[in-house]
Amino acid sequence: MDVLRVNDLRVHFATARGPVRAVDGVSFNLHAGQTLALVGESGCGKSVTSMAVMGLLKQPPAKVAGSVQLIGEELLAATEDRMRQVRGSRIGMVFQEPMTSLNPVLTAGYQISETLRVHEKIGRTAARQRAVELLQLVGIPDAERRYGEYPHQLSGGMRQRVMIAIALACRPEVLIADEPTTALDVTIQAQILDLMRKISRDSGLSILLITHDLGVVAEMAQRVVVMYAGRVVEEASVGDLFLNPLHPYSQGLLQLTRRLGSREKPNHSTMPGSPPPLHIEIQGCAFAPRCPRAEAICTTHAPALEAKASGHAAACHFVRRISE
């Protein structure tokens, strides 16, 4: 069953230089109990996509179009009051930097309790008890004492665990995790990923994982959507993407990741150039200026995202040649 369906999502921002097409026709489905990763370089539209799903983009300057359905409910047509109910109760979100996401003048436990009191309408004592249980669930030792501590008294890993506890407090159907381990050291990263995997496995939680790190994707996700310049260029199972990437951009990301994971000095020439400015309307394939296989058609006609094998789609005019 599809828990979340995103179809032809477009997010444009009005600027003095013209509309910035941050998300330009993105579609994907998130199945129940699945972890789906949105992958790409910084600025490719991953986080804007998640913010649009959550209804967190102010219109204007943003203009959001398309469809976002949560178990059949159209979220883009929902009122702000309805979205406040959805956020936290049906969709939880874990942000990249917990120190700026948590309120520094409120205790960690209070911030969890407040989420429960707002969405589940339970009393103070019951909310506190549930908050302590959530702190234990996310692996924070001495939860009773930590309940009364402020964010600055907690380590980075503990703050991120508190954010996960808040996101899970009302048992949402979907958890959006936006670069949840970027600000953490390698050991804590592994612990947070293990925690998220365990929670998803035990509760059937569906996770939309936003990341630029293909190593995290390999550990966490079942399916992956590769984004470039606001567009989807490839979608596949994680195994298929790593074993047989079809789009030149995906191939470049994987090549760079493998070099960074080896003892070789990283060769950044694997993908020369940089993403295009999004305030200029892109003609043809957005990746063409950086693609070693680009031909004339690539600069004039945008390739459609098409199924090239079972469960594997790519947007490239020459994908058959690439996959051979």
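**Exercise 1. A hairpin at the start of the chain**

Find the hairpin that β1 and β2 form, and work out how many residues lie between the two strands and which residue in the turn has a positive phi.

*Solution.* Before you start, note that this is a predicted model, in which local features need pLDDT of at least 70 and side-chain atom pairs pLDDT 80 or more, while totals for chains, interfaces and linings use all residues. Residues are numbered from 1 along each chain as its sequence is written, and side-chain values use heavy atoms, with hydrogens and water left out.

Step 1. Locate the strands: β1 covers residues 2–13 and β2 covers residues 20–31. Helices (H or I, at least four residues) and strands (E, at least two) are DSSP runs, numbered from the N terminus.

Step 2. Look at the turn. Six residues lie between β1 and β2, and Gly18 has a positive phi of about 120°.

Step 3. Check the pairing. The two strands run antiparallel and are joined by nine bridges; strands pair if DSSP finds at least two bridges between them. His12, for example, has Arg21 as its bridge partner in β2.

Step 4. Turn to β4, with which β1 also pairs in the antiparallel sense, over eight bridges. Here Arg10 has Ala65 as its bridge partner.

**Exercise 2. Charged partners**

Which residues form salt bridges with Arg10 and with Arg21?

*Solution.* Step 1. Learn the rule: a salt bridge is a side-chain nitrogen of Lys or Arg within 4 Å of a carboxyl oxygen of Asp or Glu. By this rule there are 24 salt bridges.

Step 2. Take Arg10. Its salt bridge is with Asp24, and the closest N and O atoms are 2.8 Å apart. The pair links strand β1 to strand β2, with the two positions 14 residues apart in numbering.

Step 3. Compare surroundings, where buried means under 20% relative accessible area, exposed over 50% and partly exposed in between (1.4 Å probe, protein chains only). Arg10 is partly exposed at 32%, whereas Asp24 is buried at 18%.

Step 4. Now take Arg21, whose salt bridge with Glu281 has its closest N and O atoms 3.9 Å apart. Arg21 lies in β2 and Glu281 in the loop between α11 and β11, so the pair ties together parts that are 260 residues apart in sequence. Arg21 is buried at 18%, while Glu281 is exposed at 51%.

**Exercise 3. The two sides of a helix**

Which residues of α8 are buried, and which exposed residues lie on the face turned away from them?

*Solution.* Step 1. Find α8 at residues 186–203. Its 18 residues reach 26 Å from first C-alpha to last, close to the expected 26 Å, a span defined as 1.5 Å times one less than the number of residues.

Step 2. List the buried residues: Gln189, Ile192, Leu193, Leu195, Met196, Ile199 and Ser200. They are on the same side of α8 because they cover an arc of only 155° around the axis; the arc is that of the directions from the helix axis to the C-beta atoms.

Step 3. Look at the face turned away, which carries the exposed Val186, Thr187, Arg201 and Asp202.

Step 4. Ask what the buried side packs against: the partners include β3, α5 and α7.

Step 5. Inspect the ends. At the N-terminal end, Asp185 acts as a cap, with a side-chain oxygen 3.1 Å from the backbone nitrogen of Thr187. After the helix comes Gly204, whose phi is positive, near 75°.

**Exercise 4. A covered strand**

How many of the six residues of β9 are buried, and which strands pair with β9?

*Solution.* Step 1. Count along residues 223–228: six of six are buried. Arg223, Val225 and Met227 are on one side and Val224, Val226 and Tyr228 on the other.

Step 2. Follow the pairing. β3 pairs with β9 in the parallel sense over four bridges, and β10 pairs with β9 in the antiparallel sense over six.

Step 3. Look just before β9, at Gln222 in the loop between α9 and β9. Gln222 is 187 residues from Thr35 in sequence but 5.7 Å away in space, C-alpha to C-alpha. A polar atom of the Gln222 side chain lies 2.7 Å from the backbone nitrogen of Thr35.

Conventions:
Contact means heavy atoms within 4.5 Å. A polar contact is a pair of N or O atoms within 3.5 Å; within protein, one must be able to donate a hydrogen and the other to accept it, and residues adjacent in sequence count only if both atoms are side-chain atoms.
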